[in-house]
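Reader: I am new to this structure and would like a close look at a single part of it. Could you take me slowly through one sheet and whatever packs on it?

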Amino acid sequence: MDIKLLSREQETLRFVLSDVSPAFANALRRIMISEIPVMAIDDVMILENNSVMYDEILAHRLGLVPVTTDGSYNLPEECTCKSELGCEKCRASFSLEIEASEPIEVVYSSQLKPENPEVKPVSDKISIVKLTAGQRIKLEAYARLGRGNVHAKWQSVSAATYSYDEKARTFTFLVESTGTMPPEKIVLEAARIINTKSVGFGEGLGGMTES
Ligand SMILES: [Zn+2]
């Protein structure tokens, strides 16, 4: 296997992968799309909301705000707390409290106050809801690690594609992160997951031959 880096611009990584099978290249691509654990808001406690937006829609919009992933968190199903609410090792919280004073006031992702500065909205400029004077929103939101195969809000990439050159037998990859983590980290994590799956498969086969 050989990897040659072509470019790294902002959240986009381009590289050429050679000396691997199409099945391996495709496994790498699919794991980047659906199996890299990243943080996203998964639970919202709405304390006040007299905006025109229903609580459910507001919570849904918050879930779709990409947030940065800090590698120190546990997946909720693997955390020792075994709690539905989570603990500080598997949950990062945000608060939002605003009362509009202008006739039209847009609430942006920058107004979500993170408890842990390492887990914050990727962009400050994502509009969440419009308020008019006197309307109030007060809520707490909780982000957890999850995978894209459960919900697209946990996808680490906005694009993971490759083109195959049959003659040269090379795969030219384009990986664009949502901003939740650097694209090269996504590729490394995908490779680690393939390795873990292969080891598990090997162990399973070993068990079959013994029985
Ligand atoms: Zn926990």
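Author: What follows is a walk through one sheet, strand by strand. The model is a predicted one, in which local features need pLDDT of at least 70 and side-chain atom pairs count only at pLDDT 80 or more, while totals for chains, interfaces and linings use all residues. Residues are numbered from 1 along each chain as its sequence is written.

The protein has 3 helices and 10 strands, where helices (H or I, at least four residues) and strands (E, at least two) are DSSP runs numbered from the N terminus. The part to look at is an open sheet of 4 strands in the order β1-β2-β10-β9, with antiparallel pairing; two strands pair if DSSP finds at least two bridges between them. At its edges lie β1 (2-9) and β9 (157-165), each of which pairs on one side only. On average, neighbouring strands of this sheet are turned by 15 degrees against each other, direction ignored; axes are lines fitted to C-alpha atoms, for helices over the stretch in contact, and angles run from 0 to 180 degrees between N-to-C directions.

Strand β2 (residues 12-18) pairs with β10 (residues 170-177) over 7 bridges in the antiparallel sense, and Phe15 has Phe173 in β10 as its bridge partner. Helix α1 (residues 22-34) packs on the sheet and touches β2, β9 and β10, its direction making about 170 degrees with that of β9; contact here requires C-beta atoms, placed from the backbone, to lie within 7 Å.

β9 and β10 pair over 8 bridges, again in the antiparallel sense, and Val157 stands opposite Ser177 in β10. These two strands, β9 and β10, form a hairpin with 4 residues between them, and Arg169 in the turn has a positive phi of about 55 degrees.

Key. Contact = placed C-beta atoms within 7 Å.
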